[in-house]
Amino acid sequence: MIHLQNIHKSFGNLEVLKGIDLDIAEHEIVSIVGPSGAGKTTLLQIIGTLYKPDEGCVEIQGTDVLRLSRREISKFRNKHLGFIFQFHQLLPEFTALENVMIPGMIAKRKNKELKEEALKLLEFMGLSDRADHKPSELSGGEAQRVAVARALINHPDVILADEPSGSLDSHNKEELHKLFFQLREAMGQTFVIVTHDENLAKTTDRTIHIVDGKVV
Ligand code: ADP
């Protein structure tokens, strides 16, 4: 599903990634761990086509994403990749339902079908009765589950999550982790999760340790 070869990335004089090779199979749930500043988020952003490496090869589902034009990349990203961040980053002026629908609107999907699907996803997340709530009216755990539904709305093949449970209490952390496995069972996504959470890392299929810009 994901093939990275010899990835190098610097910001100015700071060499952050120093030759990363990584293959992730379809349906795998992989955690990326390592000390702060090791380059984990940078690596996730490269997989997410948000940064280009200075050197190396990035293939997602057999597509060489570095060869795509800017326009093709954003289309590819919207179709194939879903993102979950540490802080839910829902838009405060929109309801939970509208937030889930936004990536579908960007992809110019039909409103009726999109709304039905967003409601189904909210139901899957146990949030049917929260569809019309604004983010400020949701608990932290609920808001993060809305963000997961938003990441799923365009049926991405890969979910990229950066410290997804970092802002949650231990009960909600556990619930979110369970949800990832349920989603894989139900929808078959591949997950790449940057985390400091050892409990989460332990449960994933594979843990990649990054230290000083290298896989160790
Ligand atoms: P991690 O996720 O492992 O904590 P990051 O990938 O966020 O590490 O960052 C690795 C290093 O790259 C850090 O020293 C960070 O300050 C630097 N860095 C990350 N993004 C940028 C950027 N856009 N511009 C300059 N430096 C950056």
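1. A residue counts as near a molecule if its C-beta atom, placed from the backbone, lies within 6 Å of it. By that rule, the ligand is surrounded by Phe-11, Leu-14, Val-16, Gly-34, Ser-36, Gly-37, Ala-38, Gly-39, Lys-40, Thr-41 and Thr-42.

2. A word on the model before you go further: it is predicted, with local features needing pLDDT of at least 70 and side-chain atom pairs counting only at pLDDT 80 or more, while totals for chains, interfaces and linings use all residues. Residues are numbered from 1 along each chain as its sequence is written.

3. Back at the ligand, strand E2 (14-24) and helix H1 (40-47) each give at least two residues to the shell. H1 has the largest share, three residues. Helices (H or I, at least four residues) and strands (E, at least two) are DSSP runs, numbered from the N terminus.

4. Now for strand E8 (residues 190-194): five of its five residues are buried, meaning 20 or more other C-beta atoms lie within 10 Å of a residue's own. Thr-190, Val-192 and Val-194 cover one side, with Phe-191 and Ile-193 on the other.

5. What does E8 pair with? Strand E3 (residues 29-33) runs parallel to E8, joined by four bridges, and strand E7 (residues 158-162) pairs with E8 in the parallel sense over five; pairing takes at least two DSSP bridges. Ile-193 is the bridge partner of Ser-31 and also stands opposite Ala-161.

6. Have a look at Ile-32 too: its contacts (C-beta atoms, placed from the backbone, within 7 Å) include Lys-40, Val-192 and Ile-210, not counting residues up to four places away in sequence.

Conventions
Two residues are in contact if their C-beta atoms, placed from the backbone, lie within 7 Å. A residue is buried if 20 or more other C-beta atoms lie within 10 Å of its own, exposed if 12 or fewer, and partly exposed in between; C-beta atoms are placed from the backbone.
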